[in-house]
Every structure is written in C-alpha cells, then in structure tokens.
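Q: Could we read the surface and the fold of a model together, one feature at a time, with the general idea given before the case?

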Amino acid sequence: MARRDRILRFTVLVLRVLLVLNIVFAAVFAIALVASVPLHAAFAAKIAAKYPAANAGAVIAGVRWLLLLGIVAAVPAHVIFSRLSAVMGTVRIGETFASPNARRVALIGWALLAIQLLDFPLALIVRRFDGLGIEAGGSTLSIGGWLSVLVAFILARVFAEGAALREDLEGTV
C-alpha cells in the first residue's frame, strides 16, 4: 500500500509539472509568434544566411504556423493533464469509480483525438518545409496515438459502468 501511495504521489507531481510546463510552452510560443512580426527582417536575414536558396518569407510563415499549432495543441494537452490529475485525486481517496471520472476520461479521449487530428496540419507544414529545401524533422501519423484515443473512450465506458455498479451497490446497502 505504501508503495502504491508513493507511485500515486509521484504521478500527481508529474502531472502538476506537466500542467505548468504546458502553460509555459504555450506562453513562449505565443510570445515568439507575436515577436516574429516586428523581428521579421532579422529572422529573414538569418534564414537567408543559413539557407541561401530558401524563400525566407515562406520559412517564417511556416514557423509561425508551427508556433500557432503548438499553442492550439496546448489546449487539449491541458485537458489531458488536468483531467488525469483529477482522476488521480479520486484514486488517492479510494473513489475511483465515480461518475465524474467517467466524464473526465471521455474528455481525455476527445483531447487525445484533437491532438491526433493536429498531426494532419503538422504533416502539411513539415512537407512545405521539405519543399523549401529545409529539413524540419518529420511528422508521422501514429497508430499508437489513434489506439490511445480508442482506449480512452473504452476506459470512459468502463468507468461509467463501474460508477453505475457502485451507485447500485450503495443504493442496496
């Protein structure tokens, strides 16, 4: 039991750190996006120096789209981290199969779906960089990511059934 409590405390701590980091990164992306407008000429000069054949304006536009995508992705990430944290709170007090947890896990499923859908514009942006002669890494559609969406929705149903059974048992006692 003590080992389980340490794992739960550690998990809650990790989720809190992830919540803060998610907000920090979204803020940094927003600041960078806004700063890219007055600093356009300086960025264009640096890009032209490093990639003489590239269209600096198109590269900057791609970077702006990536920053915007990062800001958008922070929203479902926040949903995932905050709802997982709430679920962990109920687990710590022994109320795992509660109706709110079923809704929380379903919201996590929707947030995971949103993140998976963001892979499509990401792939388009990365492909555009490749067309400009700049290697931008890569975007791959992940079967594991899509399976995690399915698992989250299945677990939401399991939590809902567990909560209903628990409520039925409490009503008969």
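Q: Which helix gives the most to the positive patch, and with how many residues?

A: In this predicted model, helix H1, which spans residues 2-35, is the element that gives the most to the positive patch, with three residues. The patch as a whole is formed by Arg-6, Arg-9, Arg-16 and Arg-92.

Q: Is Arg-9 buried, partly exposed or exposed?

A: The general idea is that a residue counts as buried under 20% relative accessible area and as exposed over 50%, with partly exposed in between. Arg-9, which lies in helix H1, has a relative accessibility of 44% and therefore counts as partly exposed.

Q: Which residues make the nonpolar surface patch, and which helices supply them?

A: A nonpolar patch is built from nonpolar side chains with over 30% relative accessible area that are joined within 5 Å. Here the patch covers about 1100 Å², and the residues that make it are Phe-97, Leu-117, Phe-120, Leu-141, Ile-143, Trp-146, Leu-147, Leu-150, Val-151, Ile-154, Leu-155 and Val-158. Helix H4 (99-131) and helix H5 (143-172) each supply at least two residues of this nonpolar patch, and the largest share, eight residues, comes from H5.

Q: How does Leu-117, one of the residues of that patch, count in terms of accessibility: buried, partly exposed or exposed?

A: Leu-117 lies in helix H4, and because its relative accessibility is 43%, Leu-117 counts as partly exposed.

Q: How many salt bridges are there, and what is the idea behind the count?

A: Side chains of opposite charge can pair when their charged atoms come close. The cut-off used for the count is a side-chain nitrogen of Lys or Arg within 4 Å of a carboxyl oxygen of Asp or Glu, and by this rule the count comes to two salt bridges.

Q: What does Arg-166 pair with, and which parts of the chain does the pair link?

A: Arg-166 forms a salt bridge with Glu-95, and the closest N and O atoms of the two are 2.2 Å apart. The pair links distant parts of the chain, since Arg-166 is in helix H5 whereas Glu-95 is in the loop between helix H3 (56-92) and H4, with their positions 71 residues apart in the numbering. Arg-166 has a relative accessibility of 24% and so counts as partly exposed, and Glu-95, with a relative accessible area of 30%, is partly exposed as well.

Q: Where do the residues of the salt bridge between Glu-161 and Arg-157 lie?

A: The side chains of Glu-161 and Arg-157 meet at 2.8 Å, N to O, and both residues lie in helix H5, four residues apart, which is about one turn of the helix. As for accessibility, Glu-161 counts as partly exposed because its value is 38%, while Arg-157 is exposed, with a relative accessible area of 52%.

Q: What pattern does the protein chain follow along the sequence, and how spread out is the chain?

A: The chain has five helices and zero strands, and read along the sequence it follows the pattern α-α-α-α-α. Its radius of gyration is 21 Å, well over the 16 Å that the globule rule gives for 173 residues, so the protein chain is more spread out than a compact globule. The C-alpha atoms fill a box of roughly 75 × 25 × 25 Å, taken along the principal axes, and of the 173 residues, 31% count as buried.

Q: How can separation along the sequence be set beside separation in space, with Gly-145 as one of the cases?

A: One places a pair of residues on the chain and then reads the distance between their C-alpha atoms. Gly-145 lies in helix H5 and counts as buried because its relative accessibility is 10%. The C-alpha atoms of Gly-145 and Arg-166, 21 residues apart along the chain, are separated by 31 Å, whereas Gly-145 and Ala-44 are 101 residues apart in sequence and 35 Å apart in space, C-alpha to C-alpha.

Q: Where does Thr-96 lie, and how far is Thr-96 from Ala-44 in space?

A: Thr-96 lies in the loop between H3 and H4, and at 22% relative accessibility Thr-96 counts as partly exposed. Thr-96 and Ala-44 are 52 residues apart in sequence and, C-alpha to C-alpha, 53 Å apart in space.

Terms used
Residues numbered from 1 in each chain as written. Predicted model: local features only at pLDDT ≥ 70, side-chain atom pairs only at ≥ 80, totals over all residues. Heavy atoms only, no water. Patch = residues over 30% accessible without salt bridge, like charges linked within 9 Å, V, L, I, M, F, W, Y side chains within 5 Å. Areas by Shrake-Rupley, 256 points an atom, 1.4 Å probe, with all protein chains shown as cover. Lys, Arg positive; Asp, Glu negative; His and termini not counted. Charge placed at Lys NZ, Arg CZ, Asp CG, Glu CD. Buried < 20%, exposed > 50% of the residue type's maximum accessible area, 1.4 Å probe, protein only. Rg over C-alpha atoms; globule rule 2.2 N^0.38 Å.
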